[in-house]
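Please open the model in your viewer and keep the sequence panel beside it. The tour below moves from one selection to the next and says what is to be found at each stop.

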Amino acid sequence: MAKQKFDIIQSTCIPIQIDNCNTDLIIPARYLASTTRDPKFYGDAFMHDLRFDANGKQVADFVMNQPDFCEEPKVGVHEIIVGGANWGSGSSREHAAWAIAGYGVRVVISSSFADIHRNNLLNCFVLPVIVSEAFQQELFATIATNPKAEVKVDVPNQTVTNITTGKSEKFEINSYKKYCLMNAYDDIDFLLSNKDKIEAFESK
């Protein structure tokens, strides 16, 4: 998946107000057999069976097909998902994180995440942000009133702000993962960045 440095992300949001949105909804099991790592393949499969019916026709009342939210993410547009509670429950399939990253989303905000899915998101350069239920519901209400409302996620300061209301909350992130996201490092990149230190240690 694309490696991008994380700093401040300010964007409109896709509101997916589904509690216990499991990984089978995020990406149906039939896509797991594919051997490709093409981001677009998985991005196209993101929420597929809610976006399309059995005949491949768009489901008009699903949020991602509505005019305000059907545009795929780009800089400043729909790079953030506001999801329901217990986002990413169910199976531990990493493909769910691939699908979210492949669609172009950089941040998922929820009041709670399934632990394995949360870690998979981080490994795929998608930031999971945990907020209070009250703040989560405020975001849903703001977006319902104005689909063009923006949210700012400040990774260095670990804050998420509803630009419309000015309200902000702190979020937690593992310091190692924060460092990796801010430098666009995966685990191998991190080791390579410390190659000189590792070699110096080994020479002793």
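## A pair of hairpins

Begin by selecting strand β7, residues 168–170, together with β6; in this predicted model the two strands pair in the antiparallel sense through three bridges. To see one pairing in detail, pick Thr159, whose bridge partner in β7 is Lys170. Five residues lie between β6 and β7 in their hairpin, and in the turn Gly166 has a positive phi of about 80 degrees.

Now keep β6 (residues 159–162) on display and show its side chains: Thr159 and Thr161 point one way, whereas Val160 and Asn162 point the other way, and all of them are buried.

Next add strand β5, residues 150–154, which runs antiparallel to β6 and is joined to it by four bridges. Here Val151 is the residue to select, since its bridge partner in β6 is Asn162. The hairpin of β5 and β6 has four residues between the strands, and in it Gln158 takes a positive phi near 55 degrees.

## An enclosed helix

Move on to helix α4, residues 95–103, which includes Tyr103. Eight of its nine residues are buried, so α4 is largely enclosed by the rest of the structure. If you colour the buried residues of α4, you will mark His95, Ala96, Ala97, Trp98, Ala99, Ile100, Ala101 and Tyr103. What do these buried residues pack against? Their surroundings include β1 (8–16), α1 (23–26) and α2 (39–45), and also α3 (48–51), β3 (107–110) and α5 (115–123).

Zoom in on Tyr103, which counts as buried because its relative accessible area is 5%, below the 20% cut-off. Beyond its neighbours within four places in sequence, Tyr103 is in contact with several residues, among them Ile14, Phe46, Arg51, Met64 and Cys70. Select Pro39 as well: although it is 64 residues from Tyr103 along the chain, the two C-alpha atoms are separated by 7.5 Å. Just after α4 comes Gly104, with a positive phi near 110 degrees.

## The whole chain

Finally, zoom out to the full protein chain, whose secondary structure comes to nine helices and seven strands. Its C-alpha trace spans about 65 × 45 × 25 Å along the principal axes. The radius of gyration is 18 Å, which agrees with the value near 17 Å for a compact globule of 204 residues. Of these 204 residues, 47% count as buried, and among contacts between residues at least 6 apart in sequence, 65% join residues at least 24 apart.

Methods:
Residues numbered from 1 in each chain as written. Predicted model: local features only at pLDDT ≥ 70, side-chain atom pairs only at ≥ 80, totals over all residues. Heavy atoms only, no water. Rg over C-alpha atoms; globule rule 2.2 N^0.38 Å. Buried < 20%, exposed > 50% of the residue type's maximum accessible area, 1.4 Å probe, protein only. Contact = heavy atoms within 4.5 Å. Pairing = 2+ DSSP bridges.
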